[in-house]
Amino acid sequence: MSNKILPNDPCWCGSGKKYKKCHRRFDIETEAYRKQGYTIFPPKLLKSAQDIEGIRAAGVITRGILNMLETEVKEGISTEKIDNLVREYTFDHGAIPAPLNYKGFPKSCCTSINECVCHGIPDENRILQNGDIVNIDITSILNGFYADSSRMYSIGDISENAQKIITVAKECLDIGIEQIKPYTRLNNIGDAIEPHAQKHGYSIVRDLCGHGVGKEFHEEPEVVHYAQARRKGVLMVPGMVFTIEPMVNEGSYSCDFLNDGWTVLTADRKLSAQWEHTLVVTETGYEILT
Ligand code: MF3
Ligand code: CO
Ligand code: CO
């Protein structure tokens, strides 16, 4: 007796199609890459067309929140008020804010100001001031599907340094996204991002990474934003959904983890900036889902 799936058997992916009309070619191709030393992403974790539709719909909510905040986030608002706007918008649109109660996180979004690298906790006593830069990170769950994205917001007149790190961090995200292509290295992303940051005198945080996302908040694979030399690593294949979210530091990439269990600061207390999207690898390249 053999477990080998036959060409006319139903495909292992659950599409209901015959194996030979579905993932047979994928299995043959990825086997060749495996022999070359690539890590093959577990096929069961790949997203179906239906899953991707669900994540795309969650992405509409996430993007809607980030757009809504463009006019609301200004001098004098507390990060608690921002959190209230995020929570209300999310529930009003039939979704759930993924951060709320996630591993004990107390709020519905992360608000990371200036030297805060990520996971800043909204707080009624933290009032945005002229010159601040703030990353707001939103993850919405709609019908069980997750979409994760973040942007930078500027408060009033910001310094040239602050504007520059915001711009370069966005370029780092965009350059990372441009690397997404099926049957190439996932590590091409970090290999492209880190030199771009370094060219501007910045560093890339190593303690936190992008991640698979969609059916859970954080899934495989881990997406590093720094260069991994020539390590082959994971092969990108159609149906992989993950985030790219490089954290770009003005000084050293070293981070301090505060004892609130969440807040991450630059060790040297210089500025940090981050932008994030959720993406899917397609047959020809990628689609941004947020
Ligand atoms: N949205 C963050 C990310 O990009 C994760 C935040 S976890 C939380 O992965 F609990 F702090 F919300
Ligand atoms: Co996020
Ligand atoms: Co993320």
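Q: Which ligand 1 atom is 3.1 Å from an N or O atom in the side chain of aspartate 137?
A: A nitrogen atom of ligand 1. That is a polar contact, meaning a pair of N or O atoms within 3.5 Å; within protein, one must be able to donate a hydrogen and the other to accept it, and residues adjacent in sequence count only if both atoms are side-chain atoms.

Q: What about aspartate 148 and histidine 218?
A: An N or O atom in the side chain of aspartate 148 is 3.1 Å from an oxygen atom of ligand 1. For histidine 218, a polar side-chain atom lies 2.8 Å from an oxygen atom of ligand 1.

Q: How much of ligand 1 does the protein bury?
A: 97% of the 340 Å² that ligand 1 exposes when taken alone. Those areas come from the Shrake-Rupley method with a 1.4 Å probe; for residues, only the protein chains shown count as cover.

Q: Before we go on, what kind of model is this?
A: A predicted one: local features need pLDDT of at least 70, side-chain atom pairs count only at pLDDT 80 or more, and totals for chains, interfaces and linings use all residues. Residues are numbered from 1 along each chain as its sequence is written, chains are lettered from A and ligands numbered from 1 in the order written, and side-chain values use heavy atoms, without hydrogens and water.

Q: Metals next. Which protein donors does the cobalt ion (ligand 2) have?
A: Asp137 (OD) twice, Asp148 (OD) and Glu276 (OE), at 2.0 to 2.3 Å. Donors are N, O and S atoms within 2.8 Å of the metal (3.2 Å for Na, K and Ca); water is not among the atoms, so sites may look incomplete.

Q: Why is the arrangement there irregular?
A: Because the six donor atoms subtend angles of 59 to 168°. Six count as octahedral if opposite donors are over 155 degrees apart and all others between 65 and 115.

Q: Which residue coordinates both cobalt ions, ligand 2 and ligand 3?
A: Aspartate 148, and the two ions are 3.3 Å apart.

Q: Aspartates 137 and 148: buried or exposed?
A: Both are buried, meaning under 20% relative accessible area (1.4 Å probe, protein chains only).

Q: What is the bridge partner of cysteine 110 in strand 4?
A: Aspartate 137. Strand 2 and strand 4 (residues 133-142) pair antiparallel over four bridges. Pairing takes at least two DSSP bridges, and strands are DSSP E runs of at least two residues, numbered from the N terminus.

Q: Which strand 2 residues are buried?
A: Cys110 and Ser112 on one side, Thr111 and Ile113 on the other.

Notes: Buried < 20%, exposed > 50% of the residue type's maximum accessible area, 1.4 Å probe, protein only. Tetrahedral: all angles 85-135°; square planar, octahedral: opposite > 155°, others 65-115°.
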